[in-house]
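Here are my notes on this one, in the order I'd go through it with the viewer open. Shout if any point needs another pass.

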Protein chains: 2
Amino acid sequence: MADTSEAGEPSLEEQIAAYQREFQDLDPQVEKIVSALSRLNRRMNVAYGRQTADLGISNADWEVLKALVLSGAPYRMGPGELAKRLGLTPAAMTHRIDRMVTEGLVTRERDENNRVRVIVELTGEGREKWLAAMRLASVFEEDLLQDLSPDERTSLGEVLTRLLRRVEHAQPDAGGRLSDLD
Amino acid sequence: MADTSEAGEPSLEEQIAAYQREFQDLDPQVEKIVSALSRLNRRMNVAYGRQTADLGISNADWEVLKALVLSGAPYRMGPGELAKRLGLTPAAMTHRIDRMVTEGLVTRERDENNRVRVIVELTGEGREKWLAAMRLASVFEEDLLQDLSPDERTSLGEVLTRLLRRVEHAQPDAGGRLSDLD
DNA sequence: AAGCTAAACTTCGAAGCTAAAGATTATATT
DNA sequence: AATATAATCTTTAGCTTCGAAGTTTAGCTT
């Protein structure tokens, strides 16, 4: 076997060669960047998933915890707001919150000032879980970037935000769910 | 509103500030890179999804077409192999192939040499759809990287593959489905 | 203030996924 | 050759999601 990757996944180089074979108009340099981005992200998500699983929460749970923590004290949001933020339908959010309430990660109560609204609030346990996940994630992320010099980090961050700006401008998010919180 | 982004999504800078507020041990530079990677990937997937939808195929279909085309002529794979490649369970693959057969994108037949096996083969229409999607994707990708100089492209590709190697080595893919073909 | 209209959430039905059990064929053992 | 074991796919049951319809409350309009 000349391939270090498992599960029959071709190496990045093999895959780009296959693309060129099947589609001549392809710029291999562009494809290299795009494919690397995609694979990198996939691997990172696997890693995050493993870490949150170790803490006894699902990746779905973690997304909700993140959104609540990032909203700042007192860590409250409505289901609709959460759904928009996470790229889910309100229906899906209802069920997710159901589960998380039984898991003790959040509470759900009606807003007494406006009884149509619902308030989802982080519990102490929810905050602890988020913190623990965050510690694991930051160790992993630092490890991931270990080989990059300070200059390379600066440069990479700059280039990526430039790409991000471009793609955000190009796509006014047409009616779009966004999925997958960062 | 001081925020150009829609749907109440905070800007990258706002989000990093929020992370620092809630988690002091965070390296903002690391977080910037990681968050930009994540957001970029998300946006790209939305773009791909829109393009494939325009062609009348689902993103799920596209993944299968990609795997088959990349396998090279005669564009045949078994369901199990496809499932592994796409990060699905064999059960999910069975259903996906059901659908794609009715859509005329692939054919399914038993392997006469080994009647336990099944052969999924790309149809002419399937190949056409893949090509059309590929043309759209390559235009989008070139547009995405438009602002990057040749040197920046080279450098970005090199850095990303370095990160990829690191994450692939660190995670021997423990029993893992991989999901999301690139 | 009675009745529309809109907003926010939940419920319902259909689709896709996973894990586990089941069915079918091939391979190895005795 | 008969049986056991393994490999490959399909079926089943449960969960999550989406889209659409339904429910409750708020805010307008007259």
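1. Three helices each supply at least two residues of the surface near DNA strand D: helix H5 (90–102) of chain A, plus helix H4 (79–86) and helix H5 (90–102) of chain B. Helices here are DSSP runs (H or I, at least four residues), numbered from the N terminus. H5(A) brings the largest share of that surface, five residues.

2. Before going on, the ground rules: this is a predicted model, so local features need pLDDT of at least 70 and side-chain atom pairs count only at pLDDT 80 or more, while totals for chains, interfaces and linings use all residues. Residues are numbered from 1 along each chain as its sequence is written, chains are lettered from A and ligands numbered from 1 in the order in which they are written, and side-chain values use heavy atoms, with hydrogens and water left out.

3. Which residues come nearest to DNA strand D? Of the 21 around the strand, they are A:Thr89, A:Arg96, A:Asn114, B:Ala91 and B:Thr94; a residue is near if one of its heavy atoms lies within 4 Å. On the DNA side, sugar and phosphate make up 78% of the strand D atoms that come within 4 Å of the protein.

4. Some phosphate distances to check. A polar side-chain atom of A:Arg96 sits 2.7 Å from a phosphate oxygen of DNA strand D, and one of B:Thr94 is 2.9 Å from a phosphate oxygen of that strand. For A:Arg115 it's a backbone N or O atom, 3.1 Å from a phosphate oxygen.

5. The surface near strand D splits into nine nonpolar, six polar and six charged residues. The classes are Ala, Val, Leu, Ile, Met, Phe, Trp, Tyr, Cys and Pro as nonpolar, Asp, Glu, Lys and Arg as charged, and the others, Gly among them, as polar.

6. Now the protein–protein side. Chain A puts 82 residues in contact (heavy atoms within 4.5 Å) with 82 residues of chain B. The buried area is about 8,100 Å², 61% of it from carbon and sulfur atoms; that is accessible area (1.4 Å probe) lost on putting the two parts together, summed over both. In chain A, A:Arg43, A:Arg166 and A:Asp182 lose the most area to chain B, together 9% of what that side buries.

7. The rule finds 10 salt bridges across this interface, counting a side-chain nitrogen of Lys or Arg within 4 Å of a carboxyl oxygen of Asp or Glu. One salt bridge joins the side chains of A:Arg166 and B:Asp147, at 3.7 Å, N to O.

Methods. A polar contact is a pair of N or O atoms within 3.5 Å; within protein, one must be able to donate a hydrogen and the other to accept it, and residues adjacent in sequence count only if both atoms are side-chain atoms.
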